[in-house]
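Hi everyone, thanks for coming. I'd like to walk you through one model today, so please have a look at it while I talk.

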Amino acid sequence: GGGFHLLTFRNIVIFLVGFGWTGITGTRYGLNGVLNLMLSFGVGALLMFMVAGVYYFLSKMTESGTFNIRNALGATGTVYIPIPGKRSGMGQVQLTAQGSVREIEAMTDAEELPTGTLVKVTEIVNNQILVVEKV
């Protein structure tokens, strides 16, 4: 899932790398054994938490990709397939909703709307058909 996972193989390897290289560097520069051990443990733990945090926040940056027709309410678009007037039939409109261009079935209360007419979505019927009006 998308939870915060601290004890994973990746994070244990990150801890060991940070612990090891800090220990080697501390020994090289003559740090006291206990101080070197504490510093190495701290650096390893810090790196482990940082990497776990990065992966946690990256997992939160996802989208479902499921289109919600309610997001089309109030949007403007153009008639793609002519729409008969007085809700006597359906045509299609092309509009941008949720960051992508979609062709959705539509009807109108006004007179017939030919291809290329600029329209605005005013209502949604049966959670699948748009009601549009000329802009």
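How many bridges join β4 to β5, and do the two strands run parallel or antiparallel? Six bridges join them, and the strands run antiparallel. Before going on, a word on what you are looking at: this is a predicted model, where local features need pLDDT of at least 70, side-chain atom pairs count only at pLDDT 80 or more, and totals for chains, interfaces and linings use all residues. Residues are numbered from 1 along each chain as its sequence is written, and side-chain values use heavy atoms, with hydrogens and water left out.

Two definitions will carry us through the sheet. Strands (E, at least two residues) and helices (H or I, at least four) are DSSP runs, numbered from the N terminus. Two strands pair if DSSP finds at least two bridges between them.

Now the overall picture. Five strands make a closed barrel in the order β1-β2-β3-β5-β4, with mixed pairing. On average, neighbouring strands of this sheet are turned by 55° against each other, direction ignored; the axes here are lines fitted to C-alpha atoms, for helices over the stretch in contact, and angles run from 0 to 180 degrees between N-to-C directions. As a reminder, strands of a sheet pair through backbone hydrogen bonds, either parallel or antiparallel.

Let's go round the barrel. Strand β1 (residues 76-81) pairs with strand β2 (residues 91-97) in the antiparallel sense over four bridges, and T78 has Q94 as its bridge partner in β2. From β2 to β3 there are seven bridges, again in the antiparallel sense. Q94 turns up here too, standing opposite E103 in β3. The hairpin of β2 and β3 has two residues between the strands, and Q98 takes a positive phi near 55° there.

Next comes the parallel pairing: strand β3 (residues 100-108) is joined to strand β5 (residues 129-134) by three bridges. Along it, M107 stands opposite V131 and T108 stands opposite V132. That brings us back to β4 and β5, where I124 has L130 as its bridge partner in β5. Their hairpin has three residues between the strands, and N126 takes a positive phi near 55°. To close the ring, three bridges join β1 to strand β4 (residues 118-125), which run antiparallel, with K120 in β4 as the bridge partner of T76.

Which side chains of β2 are buried? G91, V93, L95 and A97 point to one face and are buried, whereas Q92, Q94 and T96 point to the other and are not. Buried means under 20% relative accessible area, exposed over 50%, and partly exposed in between (1.4 Å probe, protein chains only). In a regular strand the side chains alternate between the two faces of the sheet.

Over to the helices and their rings. Ring centres of Phe, Tyr or Trp (its six-membered ring) within 6.5 Å make a pair; planes under 30 degrees apart count as stacked, over 60 as edge-to-face and the rest as tilted. The whole structure holds three aromatic pairs. In one of them F15 and F19 are stacked, at 5.8 Å centre to centre with 20° between the planes. The two sit about one helical turn apart, because they are four residues apart in helix α1 (residues 9-28). F15 is buried at 16% relative accessible area, while F19 is partly exposed at 28%. Another pair, Y56 and F57, is edge-to-face: 5.2 Å centre to centre, 70° between the planes. Y56 is partly exposed at 25%, and F57 is exposed at 54%. Ring pairs also link F15, F19 and F41 into a cluster.

One last residue: S40, in helix α2 (residues 33-59). It is buried, with a relative accessible area of just 2%. What does S40 touch, leaving aside its neighbours within four places in sequence? It is in contact (heavy atoms within 4.5 Å) with G18, F19, T22 and G23. A polar atom of the S40 side chain lies 3.0 Å from the backbone nitrogen of G23.

That's my tour, and I'm happy to go back to any part of it.

Terms used: Polar contact = N/O pair within 3.5 Å; in protein donor to acceptor, adjacent residues only side chain to side chain.
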